[in-house]
Amino acid sequence: MKKSQMEIVGLLIIVIIISLVLLFVLKVVFTKKSTDTTQSYEQSKLVESFVNTLFQTSSGCTDDTTLKDLLVDCAKNPFTDGTILCTDGKKSCSYANQTIVYLLQQTLDQWGFKETGYEFVAVAPPNQNIIYYQSGNLNASMGGETTPFSLRLYPSQQNLYVYLCVGGCGLE
Amino acid sequence: MPTIVLKAQLKTGETIIVMIIFFILLAGGMVFYAKISSYTSKQQQEENQDVNAISIEQRIRHMSEIACTTDAVVIFDCYDLSKIHALEQVIPNHNLYYESIIFKNSKVTITSVYPTEDEILLFEPGDTNQSMSSQPFRTPVTLYDPVSDTTNFGYITVEVYS
């Protein structure tokens, strides 16, 4: 090999090494997951606060019922649409469904979670989804994690499980 | 022209070109470094604002001024709307305390979504025009209205200014 060819090969090697280093730096800097800890804290806190607040909220169905009361009644009587009759003529299942969807649309959808996608599910025994709402494109990612919030359906020993999964968990 | 002079000129030309390329690369590297460092510092700033927003939210969470209580027992994640309205009136008279200890450089809004809709601007720092606001940090909370005896679904929004 001539001297000039050797020099060209040397130059090429240097260019390749510099490009690789540059690519590595770009990848590390720009694809770094921003605020891992704060983001995961925000998300877990959001889910926990959302569901707990939801349970305590006055339903508006009757003067003295909360959304938790409507969900429990609906879970006990899923096939009759619940037993509590609201002032607007709706029964507990329909009323709870409508109110929860409204709340999700007014909060999580407005806060940008529509892009990430999320699912809200209330599962009554034996394994029936009494409320299911999903927002955003969940097919893109199913990377969410969720822990159920349980409500005891007294006097039985069964529970109603409520899930709110940001990122999609395939709960349908 | 003698060959030796020509060769020397060529060598000088080569050295000049190498120097030019070197300085171009150096300038490119410096620009790249500046871009990267400004990007990372911006990211760091955003992260700090997020952490500040969380800590302010935690402080609000434990404010005895607005917590719901039943027989002197504090109800977690619940705020009394009448106490919030009272605090709204009190803050301007004790601005220094609330600005330096509790809310720092942040805007705090409490919003009721259901059954009734309402928005209360609890605190806003003096001059925010030139400051950069962070991503708003929102937490759902229960808002108890003692007048109508209803529990509203609401949320607290904390926006930290840099």
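Where is the place of A:P126 in chain A? A:P126 sits in the loop between β1 (118-124) and β2 (128-135) of chain A. The model is predicted. This report takes the two chains in turn, then the helix pair, the contact between chains and some backbone details.

## Chain A: layout

Chain A holds five helices and four strands. Along the sequence the order is α-α-α-α-α-β-β-β-β. The helices thus come before the strands in this pattern.

Chain A is not a compact globule by radius of gyration: the value is 26 Å, where a compact globule of 172 residues would have one near 16 Å. Along the principal axes, the C-alpha atoms fill a box of roughly 95 × 30 × 25 Å. Of the 172 residues, 30% count as buried. Among contacts between residues at least 6 apart in sequence, 48% join residues at least 24 apart.

## Chain B: layout

Chain B has three helices and six strands. Its pattern reads α-β-β-α-α-β-β-β-β. Two strands follow the opening helix, then two helices, then four strands.

The radius of gyration of chain B is 29 Å, against a value near 15 Å for a compact globule of 162 residues. The C-alpha trace spans about 105 × 30 × 25 Å along its principal axes. Buried residues make up 27% of the 162 in chain B. Of the contacts in chain B with a separation of 6 or more, 63% are between residues 24 or more positions apart.

## The α3–α4 pair in chain A

Helix α3 (residues 67-76) of chain A packs against helix α4 (residues 92-106) of chain A. Their axes are 8 Å apart and meet at an angle of about 130°. Because of that angle, α3(A) is oblique to α4(A). The crossing is left-handed. On the α3(A) side the contact uses A:L67, A:L70, A:L71, A:D73 and A:C74. On the α4(A) side it uses A:S92, A:C93, A:Y95, A:A96 and A:T99. By class, these are seven nonpolar, two polar and one charged residues.

How many of the 10 residues of α3(A) are buried? Seven are, and the helix is mostly covered. The buried residues are A:L67, A:L70, A:L71, A:V72, A:D73, A:C74 and A:A75.

## Where the chains meet

In the contact between the chains, 24 residues of chain A touch 23 residues of chain B. On the chain A side, α2 (36-56) and α4 each supply at least two residues. Which element gives the most to that side? It is α2(A), with 11 residues. The chain A side divides into eight nonpolar, 14 polar and two charged residues.

## Cis peptide bonds

Each chain offers an example. In chain A, a cis peptide bond joins A:P125 and A:P126, with omega about 5°. In chain B, the bond from B:Y114 to B:P115 is cis, with omega near 0°. B:P115 lies in the loop between β3 (106-114) and β4 (118-123) of chain B.

## Positive phi in chain B

B:K104 is not a glycine, yet its phi is positive, about 50°. This residue is in the loop between α3 (95-103) and β3 of chain B. Is B:K104 buried, partly exposed or exposed? B:K104 is partly exposed, because 18 other C-beta atoms lie within 10 Å.

B:D149 also is not a glycine and has a positive phi, about 55°. Its place is the loop between β5 (137-145) and β6 (150-160) of chain B. B:D149 counts as exposed because 10 other C-beta atoms lie within 10 Å.

## Around B:A67

B:A67 lies in strand β1 (residues 67-70) of chain B. With 17 other C-beta atoms within 10 Å, B:A67 is partly exposed. Leaving aside residues up to four places away in sequence, B:A67 touches B:V74, B:Y79 and B:D80. B:A67 and B:C78 are 11 residues apart in sequence. In space their C-alpha atoms are 6.1 Å apart.

Note on methods
Residues numbered from 1 in each chain as written. Chains lettered and ligands numbered in written order. Predicted model: local features only at pLDDT ≥ 70, side-chain atom pairs only at ≥ 80, totals over all residues. Rg over C-alpha atoms; globule rule 2.2 N^0.38 Å. Buried ≥ 20, exposed ≤ 12 C-beta atoms within 10 Å, placed from the backbone. Contact = placed C-beta atoms within 7 Å. Axes fitted to C-alpha atoms, helices over the stretch in contact; angles between N-to-C directions. Parallel < 35°, antiparallel > 145°, perpendicular 65-115°, else oblique. Left-handed = near helix turned anticlockwise from the far one by under 90°. Nonpolar A, V, L, I, M, F, W, Y, C, P; charged D, E, K, R; others polar.
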